[in-house]
Amino acid sequence: MSGPYEQAYSRSISDPDGFWGEAAEEISWYKKWDKVLDDSNKPFYRWFKGGEVNTCYNAIDRHVEAGHADRLALIYDSPVTGTVRTYTYSELQKEVAGFAGALAAQGVGKGDRVIIYMPMIPEAAISMLACARIGAVHSVVFGGFASSELAVRINDAQPKVIVSASCGIEGAKVLDYKPLLDGAIEMARHKPSALIIKQRPEKVATLNAPRDLDWDEVVKSSQPADCVSVAATDPLYILYTSGTTGEPKGVVRDNGGHLVALKWTMKNIYDINPGEVFWAASDVGWVVGHSYIVYAPLIHGATTIIYEGKPVGTPDAGAFWRMISQHKVKALFTAPTAFRAIKREDPKAELMKKYDLSDFKILFLAGERTDPDTLEWAQTALDRPVIDHWWQTETGWAIAADCMGLEYLPVKPGSPTKPVPGWNVQVLDETNNEVPRGQIGAICVKLPLPPGALPTLWNNDKRFVDSYLTEYPGYYMTADAGYMDEDGYVYIMARTDDVINVAGHRLSTGAMEEVLSRHPDVAECAVVGVADSFKGQLPVGFMVLKMGVTKPNDVIVKEVVQMVREYIGPVAAFKTATVVDRLPKTRSGKILRGTIQKIADNEPWKMPATIDDPAILDEIREALEGIGYASAREKEAQPSAGE
Ligand code: COA
Ligand code: AMP
């Protein structure tokens, strides 16, 4: 007899229309869909075509109308400013309608784009929901990105308005946002007509009329706006994410499919009921923040938390336990790196003893693989289920997870458990055939993707098809490699592209290489992600200098480190680079990044058969030793993937 998970999974694959059509009954529609899944234009699929809906209405207004006006919708907890502020559903409705009106007064309407560049303050969520309310498309840019990254997104999304704050607060640092915004707008070809700034007392920005507007004043002088009806297939947001090149991919999310999928996940994956407190300790700039700080908990009628702090240092490694206890959190969702930070400072979890965690039931981890050490530490310290689950910006919600509301399956360390209903996960070889269980291959999802997954890339159907749907026809390529075991558990081993994962943040080494190449003394370069016991991975740069350069190497290294900070942002955590005479390449000229990475990680590696000159690897090893990395001598093993 198959259990509830197995039954739900099989039905979602054999009868997606029935499965998702039923889930869609949980959403309030202005007009029901004509078709659950429209597959008339393959490989583009559309969910709930013909349906009319509003995401903000489903996240706020309908709960107020259903008698839950006084239920807590949002808790803002900011140890960096010493603030705790709460919003009931009716208070949030008032704030969101007010700001939606302010946006409308600036001429923002259905389909117009709004870029949101915000720290973790309630106004970040309020502005996202306000866009949804009037049918505008938001694009949130993570605060750790620098001006030029913001400029690239301004050019691509072409926003009418940018919404921001006067500053962000990172631990003890107050970061002035205004110069960054001015710099980005100056750099961008597209110019927004207005910049709306939420002034914060920690650092008040100088506003330049007529372009720059004060949040409070524009709200005061506008009429609140009501929800408008949009097509289920209309875009709700664009979220840029790192790809292979420096040009980020604009992942599009629709309204209808996203609503249906996220609502379904709250009970079935996270086991949360309306009225309970769910805390995703992430940032609104990432997909986790979009889905599980802002949209899903509110759509479900739960209480969500905006936390402006860190796992450690604000003020100590007991911060998460204080939050859980104070706000009666039932489930926490964060990245393994946050737990590694806590473990590093409080290895015996002594600080936990100070707090009453009796409401806390489950810890969910994602953003990078949960290493078995961290898993075990968290399980022992918390004495509760610790669930690793795997997903991507593109998918919007988990592809593989232990669906705690359906059935708690046994946890296997190193695995995010099984494919979630809706995701037909298969591990393929280069000929598009499934590999035997236990064998590593490309992890792909058979089309159609379930509701809530990206329907395309912003203004770039071609790049969507080329990046995800071409290499394995009939499938979505996740760009993760791994395997499934005999029990159908998924294991994610590595990315197959140039994406690395630093402290749960997704970054492109290709983008960093583009920055290094801009240095006038650099002839060629490679950036690889090397293992780091705290942040998971860290980028390390290798540079070959142009002939005749006299500047000392350490000066050039300092300059490129500064350049990455300036062009990409502090979040890249690019702090280490070294100068080498040559880079190891294949005879066809491809840089052997995988081999460099294996040498750095002190992992077994094998001389690639196609290497141009094997002696170069000794030079690389010496260079790595010079900057404190591993010194493995050649070991007999597999060649690196693709090399
Ligand atoms: N705005 C501006 N700067 C930011 C920023 C933001 N929103 N987020 C990070 N930065 C800066 C940091 O201040 C740091 O700057 P520095 O080089 O001047 O010190 C730099 O970017 C690197 O940040 P980070 O990699 O986050 O390192 P950290 O040492 O500050 O913190 C952790 C380490 C583990 C505490 C932190 O990375 C963390 O909480 N990670 C969880 C990640 C997460 O939630 N991911 C989402 C998936 S669930
Ligand atoms: P992002 O788009 O920022 O969410 O990053 C997605 C990538 O992070 C995935 O393609 C994986 O490489 C990695 N990732 C996210 N969650 C997990 C997980 N639970 N286990 C392993 N890798 C993960």
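**Two ligand sites and one sheet**

Of the 24 residues around ligand 1, those that come nearest are Glu170, Lys173, Ala503, Lys535 and Arg565. The structure is a predicted model, and this briefing takes up the surroundings of ligand 1, then those of ligand 2, and finally one sheet of strands. Around ligand 2 there are 14 residues, and the closest of these are His389, Thr393, Asp480, Arg495 and Arg506.

**Ligand 1**

- The shell around ligand 1 is made up, by class, of eleven nonpolar, six polar and seven charged residues.
- Two domains contribute to this shell, since at least three of its residues come from domain 1 (4–309 + 389–483) and at least three from domain 2 (503–635).
- Lys173, which is among the residues that come nearest to ligand 1, has an N or O atom in its side chain that is 2.9 Å from an oxygen atom of the ligand.
- A side-chain N or O atom of Lys310 is 3.4 Å from an oxygen atom of ligand 1, whereas in Ala281 it is a polar backbone atom that is found 3.5 Å from an oxygen atom of the ligand.
- When ligand 1 is taken alone it exposes 930 Å², and the protein buries 84% of that area.

**Ligand 2**

- The shell around ligand 2 contains, by class, three nonpolar, five polar and six charged residues.
- His389, one of the closest residues to ligand 2, places a backbone N or O atom 2.7 Å from a nitrogen atom of the ligand.
- In Asp388 it is the side chain that supplies the N or O atom, and this atom is 2.7 Å from a nitrogen atom of ligand 2.
- Arg369 takes part through its backbone, where a polar atom is 3.4 Å from a nitrogen atom of ligand 2.
- On its own ligand 2 has 490 Å² of accessible area, of which the protein covers 92%.

**An open sheet of four strands**

- Four strands, in the order β23-β24-β25-β26, form an open sheet in which the pairing is antiparallel.
- The strands at the edges are β23 (425–428) and β26 (490–495), and each has a single partner strand, so one side of each is left without a neighbour in the sheet.
- Neighbouring strands of this sheet are turned against each other by 50° on average, if their direction is ignored.
- The antiparallel pairing of β23 with strand β24 (residues 441–446) runs over four bridges, and the bridge partner that Gln426 has in β24 is Cys444.

Note on methods:
Residues are numbered from 1 along each chain as its sequence is written. Chains are lettered from A and ligands numbered from 1 in the order in which they are written. This is a predicted model: local features need pLDDT of at least 70, side-chain atom pairs count only at pLDDT 80 or more; totals for chains, interfaces and linings use all residues. Side-chain values use heavy atoms; hydrogens and water are left out. A residue is near a molecule or strand if one of its heavy atoms lies within 4 Å of it. A polar contact is a pair of N or O atoms within 3.5 Å; within protein, one must be able to donate a hydrogen and the other to accept it, and residues adjacent in sequence count only if both atoms are side-chain atoms. Accessible areas come from the Shrake-Rupley method with a 1.4 Å probe; for residues, only the protein chains shown count as cover. Ala, Val, Leu, Ile, Met, Phe, Trp, Tyr, Cys and Pro count as nonpolar, Asp, Glu, Lys and Arg as charged, and the others, Gly among them, as polar. Domain bounds come from an automatic or database domain assignment. Two strands pair if DSSP finds at least two bridges between them. Helices (H or I, at least four residues) and strands (E, at least two) are DSSP runs, numbered from the N terminus. Axes are lines fitted to C-alpha atoms, for helices over the stretch in contact, and angles run from 0 to 180 degrees between N-to-C directions.
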